[in-house]
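Please consider the sequence and the structure shown below. The explanation that follows is arranged as a walk through the fold and its ligand site.

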Amino acid sequence: MSKKLKVVMTVKLPDGVETRFRELFNTTLWLNKNPMPREALLDAAQTAEVLVSSINDRIDEAFFEAAGEQLKMIANFGVGHDHIDIAKAVEKGIIVTNTPGVLTEDTAEMTMGLIIAVSRRFIEGAETVQRGEFSAWSPTFLMGRRIYGKRLGIVGMGRIGQALARRARAFGMQVHYHNRKPVSARISEELEATYWDDLDQMLARMDVVSINAPGSPSTFHLLSAERLALLQPHAILVNTARGQIVDEEALAHLLKANRIAGVGLDVYERATAISPELFGLPNAVLLPHMASSTVEARTDMGDRVILNIKTLQDGHRPPDRVIPAML
Ligand code: 8YV
């Protein structure tokens, strides 16, 4: 039997997943619901052979400078790795893995949910009832917009973008997308999708726009103030990818000025420091980064992290290595 790796977790995972970690590895759990403070993270860099990180951790140059010789791998709990300095990891010979594939359906589900919630004004309706203000039915009360027959523009047609497109088709939407390159002919035919190499052209024509691209320096403010201004006044924008892709202040201004119809956001430019201008707007549905928060996804993500570490422990190359060519 191979020697158990010393694994340090920076996140609290479901109990069953943690138990499995303890069975398989020499694991130090993080039982606090709050993120691991920076100091403890830098300490972990000097003791862990494998660090199980999350989006809460800044795995930056300073982290890698602090890391001891023993650190072999960062096994990230999550698919996005924009919080990890991959180039520095490569330079130090430290493997980085993520959890692709296992949260695709959950994130697409939530994105579709946000599209409907914003278009059909779910939150305003639910709050009206909760406040005890539903006193009479009226034909003109809380009229939303039908999504059937509308055009959805997906920015980033990877796994999650495609899973969203399948759902949107089922709801009778027309799928359009912008991506670095077109999807295969088979997928394009299945989704009856229209490809736009020019993002500006697509944005100006859509009823709904969904951000499904990874966060990276090349997607930072991809939806800049200038691009957001191209959206039609009846358009809605949803983002379940990364907040940094959209200029949040510019978005809030457009929304306040009724120059777009609504937004559904699960992620924010500065993590939990949400632009105050977004608060209190009836046409903004704001969620606390919960798109992949299902029992199933969290368990599968944990299992995926375990698979990567176990493969390393057994002397093989972990399957979900993040390599610079992917960036
Ligand atoms: C996770 C996510 O909850 O996987 C991702 O990239 O954004 C989320 O769905 C989070 O990253 C966990 O670290």
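The paragraphs below treat two sheets in turn, with the ligand between them in the account.

The model under discussion is a predicted one. A convenient starting point is the open sheet of 5 strands, whose pairing is parallel and whose order is β2-β1-β3-β4-β5. At its edges stand β2 (26-28) and β5 (95-97), each of which pairs on one side only. On average, neighbouring strands of this sheet are turned by 20 degrees against each other, direction ignored.

Within this sheet, the pairing of β4 and β5 may be followed at residue level. Strand β4 comprises residues 73-76 and is joined to β5 by 3 bridges, the two strands running parallel. In this pairing, I74 stands opposite V96 of β5. A helix also belongs to this part of the picture: α12, formed by residues 295-313, lies across β1 (6-9), β3 (50-53), β4 and β5. The direction of α12 makes about 160 degrees with that of β4.

The ligand may be considered next. Which residues surround the ligand? They are S54, I55, F77, G78, V79, G80, L103, R242, H289, S292 and R298. Sorted by class, this shell contains 4 nonpolar, 5 polar and 2 charged residues. Several backbone atoms approach oxygen atoms of the ligand. For F77, a polar backbone atom is 2.6 Å from a ligand oxygen. In the case of G80, a backbone N or O atom lies 2.7 Å from an oxygen atom of the ligand, and for I55 the corresponding distance from a backbone N or O atom to a ligand oxygen is 3.2 Å. Taken alone, the ligand exposes 330 Å², of which the protein buries 90%.

The account now turns to the other sheet. Here 7 strands form an open sheet with parallel pairing, in the order β8-β7-β6-β9-β10-β11-β12. The edge positions are held by β8 (194-196) and β12 (284-286); each has a single partner strand, so one side of each is left without a neighbour in the sheet. Neighbouring strands of this sheet are turned against each other by 15 degrees on average, direction ignored.

The pairing of β6 with β9 offers a detailed view. Strand β6 (residues 151-155) and strand β9 (residues 208-211) run parallel and are joined by 4 bridges. The bridge partner of L152 in β9 is V208. Helix α7, which spans residues 159-170, packs on this sheet and touches β6, β7 (174-178) and β9. Its direction makes about 175 degrees with that of β6.

Technical notes:
Residues numbered from 1 in each chain as written. Predicted model: local features only at pLDDT ≥ 70, side-chain atom pairs only at ≥ 80, totals over all residues. Heavy atoms only, no water. Pairing = 2+ DSSP bridges. Axes fitted to C-alpha atoms, helices over the stretch in contact; angles between N-to-C directions. Contact = heavy atoms within 4.5 Å. Near = heavy atom within 4 Å. Polar contact = N/O pair within 3.5 Å; in protein donor to acceptor, adjacent residues only side chain to side chain. Areas by Shrake-Rupley, 256 points an atom, 1.4 Å probe, with all protein chains shown as cover. Nonpolar A, V, L, I, M, F, W, Y, C, P; charged D, E, K, R; others polar.
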